[in-house]
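Me: Hi! I've got a structure open and would like to talk through how its helices pack and where the empty space is. Shall we start?

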Amino acid sequence: MKNELIERFTSYVKVDTQSDENSETCPSTEGQWTLLHMLVDELKTIGMEEVTIDENGYVMATLPSNTEKDVPTIGFLAHVDTATDFTGTNVNPQIVENYDGGEIKLNEALKVVMSPTDFPSLKEYKGHTLITTDGTTLLGADNKAGVTEIMTAMAYLIKHPEIKHGKVRVAFTPDEEIGRGPHKFDVAAFQANHAYTVDGGPLGELEYESFNAASAKITVKGTNIHPGSAKDKMVNSMKIAMDLHSKLPAQEAPEHTDGYEGFYHLLSFNGDVELTKLNYIIRDHNKEIFQARKTTIENIVNEFKGQYGSDNILLELNDQYYNMGEKIKPVMEIVDIAQEAMESLDIKPIIKPIRGGTDGSQLSYMGLPTPNIFTGGENFHGKYEFISVDNMIKATQTVIEIIKLTEQKA
Ligand SMILES: [Zn+2]
């Protein structure tokens, strides 16, 4: 399985599939079409059935049931795009066999070194086969490792018909990194009872709770007058904006919170005397507290409207996604099966709330409850991204085991 994983993974990461939030199309970039079409061909080659790609680039395929039992159809999803934070052009994966636990020279000429001093978790990979970047790009393990693992699990099950399973659906999707992932995903066509994204990080990660998320854009209008004759006339929008921001609880910010603690995050602050714009994101796992955070912003804005005129302070508040836990907890057995699958492979499940969202956050609200499992990668979205092939094997086995257990329990 090892060489099969390496071969698939390295061929996928060489296709530049960075998504682009300024593009209106779906997928947002041509490179994603290239990889999606490659995957269509490969799904057919390994013997998957009902292989389709729709006008928005969503690839779906079926592994038919080989059991008499009435087993719920489960889905596995991975996204093909890579992050916008760092370049994904000319990815040149490096294979480190039998990693010694020390420094890894990613790029001799550019002096890019990955050391256990900066990345203490590297020590856990002693003896593993790692795949790293050459120090000039991201790797794209997020989420091509997931694509690789799902594809390899399907190929394995097709070669091993003695393993009984229900119907399995797989999907490869575009544009997760720009938040659009499932926007055009045809849940009805997918026809799965529930699904798993294989889009997590280190070994054992199992996630079924995400943030509730909203954005808040505040516009403050001022009045600019020559400073020499400004007395009682000038209204400086930046000062109002600073005052407004200071009303938010200073400790409830990303840099002061973790675990289940939510926050207000000031993403950008752009202004001059005449006009200032504040961009926030609001996050909380708890729905009531999430609502209360939005109300807090509304109340502050209303207070400022009272003071400066309702035309001069504007608020645009938009929900982005919700905590998938709310949709998954009623069907907790799908998380339990994933946990049991990991334990049966001697993997210690690490169940933590995601401080962000996944495609599953949206899919779960579209009627497809979708927890997330690990891929084996670390340091996503940058040049220090790497993945352990040993843990890719474990992720692939976890997918297979989830499929087995779902049949056994039916
Ligand atoms: Zn991802």
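Reply: Happy to. One term before the helices: a crossing is right-handed if the near helix is turned clockwise from the far one by less than a right angle, and left-handed if anticlockwise. Also, keep in mind that this is a predicted model.

Me: Good, let's use that. Which way does H1 pass H2, left-handed or right-handed?

Reply: The crossing of H1 over H2 is right-handed. Their axes lie 11 Å apart, and the packing angle is about 155 degrees. Angles over 145 degrees count as roughly antiparallel, so H1 is roughly antiparallel to H2.

Me: Which residues make that contact?

Reply: From H1 you have Arg8, Ser11 and Tyr12, and from H2 there are Leu35, Met38, Leu39, Glu42 and Ile46. Sorted by class, the contact of H1 with H2 has five nonpolar residues, one polar and two charged.

Me: And what sits in the loop between H1 and H2? I'm curious about Pro27.

Reply: Pro27 is indeed in that loop, between helix H1 (2-13) and H2. The peptide bond leading into Pro27 from Cys26 is cis, with omega near 0 degrees.

Me: Where else is there a cis peptide bond, say around Asn143?

Reply: Asp142 and Asn143 are joined by one, with omega about 15 degrees. Asn143 lies in helix H3.

Me: Since you mention H3, at what angle do H2 and H3 pack?

Reply: Helix H2 (residues 30-46) and H3 pack at about 15 degrees, and their axes are 10 Å apart. Angles under 35 degrees count as roughly parallel, and therefore H2 and H3 are roughly parallel to each other. H2 passes H3 in a right-handed crossing.

Me: Who touches whom there? I mean H2 and H3.

Reply: H2 contributes Leu35, Leu39, Glu42, Leu43 and Ile46, while H3 contributes Lys144, Val147, Met151, Met154, Ala155 and Ile158. The contact of H2 with H3 has nine nonpolar residues, two charged ones and no polar ones.

Me: What about H3 against H10? How do their axes cross?

Reply: Helix H3 (residues 141-159) and helix H10 (residues 389-408) have axes that come within 9 Å and cross at roughly 55 degrees. H3 and H10 are therefore oblique to each other. H3 passes H10 in a right-handed crossing.

Me: And the residues in that contact between H3 and H10?

Reply: On H3 they are Ala145, Thr148, Glu149, Thr152, Ala153, Met154, Tyr156 and Leu157; on H10 they are Met392, Ala395, Thr396, Val399, Ile400 and Ile403. The contact of H3 with H10 divides into 10 nonpolar residues, three polar and one charged.

Me: Changing topic to empty space. How much is in the largest pocket?

Reply: The largest pocket holds about 1,400 Å³. Its lining has 37 residues, and Glu176, Glu177, Tyr321, Gly356 and Gly357 lie nearest the centre.

Me: Which elements give two or more residues to that pocket lining?

Reply: They are strand S9 (194-200), strand S10 (205-207), strand S13 (275-284), strand S14 (313-321) and helix H9 (359-365). H9 gives the largest share of the lining, three residues.

Me: How do the lining residues of the largest pocket divide by class?

Reply: There are 15 polar, 13 charged and nine nonpolar residues in the lining of the largest pocket.

Me: And how many cavities of 30 Å³ or more are there?

Reply: The count comes to one cavity of 30 Å³ or more, and the largest cavity has about 30 Å³ of space.

Me: What lines the largest cavity?

Reply: Val71, Pro72, Ile74, His165, Gly166, Lys167, Val168, Ile403, Thr406 and Glu407 do. H10 gives the most to that lining, with three residues. The lining of the largest cavity divides into five nonpolar, three polar and two charged residues.

Me: One last backbone question: where is Lys111, and what is its phi?

Reply: Lys111 is in the loop between strand S5 (104-107) and strand S6 (112-114). Phi of Lys111 is near 55 degrees, a positive value in a residue other than glycine.

Note on methods: Residues are numbered from 1 along each chain as its sequence is written. This is a predicted model: local features need pLDDT of at least 70, side-chain atom pairs count only at pLDDT 80 or more; totals for chains, interfaces and linings use all residues. Side-chain values use heavy atoms; hydrogens and water are left out. Axes are lines fitted to C-alpha atoms, for helices over the stretch in contact, and angles run from 0 to 180 degrees between N-to-C directions. Helices (H or I, at least four residues) and strands (E, at least two) are DSSP runs, numbered from the N terminus. Angles under 35 degrees count as roughly parallel, over 145 as roughly antiparallel, 65 to 115 as roughly perpendicular and the rest as oblique. Contact means heavy atoms within 4.5 Å. Ala, Val, Leu, Ile, Met, Phe, Trp, Tyr, Cys and Pro count as nonpolar, Asp, Glu, Lys and Arg as charged, and the others, Gly among them, as polar. On a 1 Å grid over the protein atoms alone, a cavity is a set of points where a 1.4 Å probe fits but cannot get out, and a pocket is an open set with protein on both sides within 12 Å along at least five of seven lines; lining residues have an atom within 4 Å of a point. Grid points are joined across faces, edges and corners, and a volume is the space filled by probe spheres set on the points.
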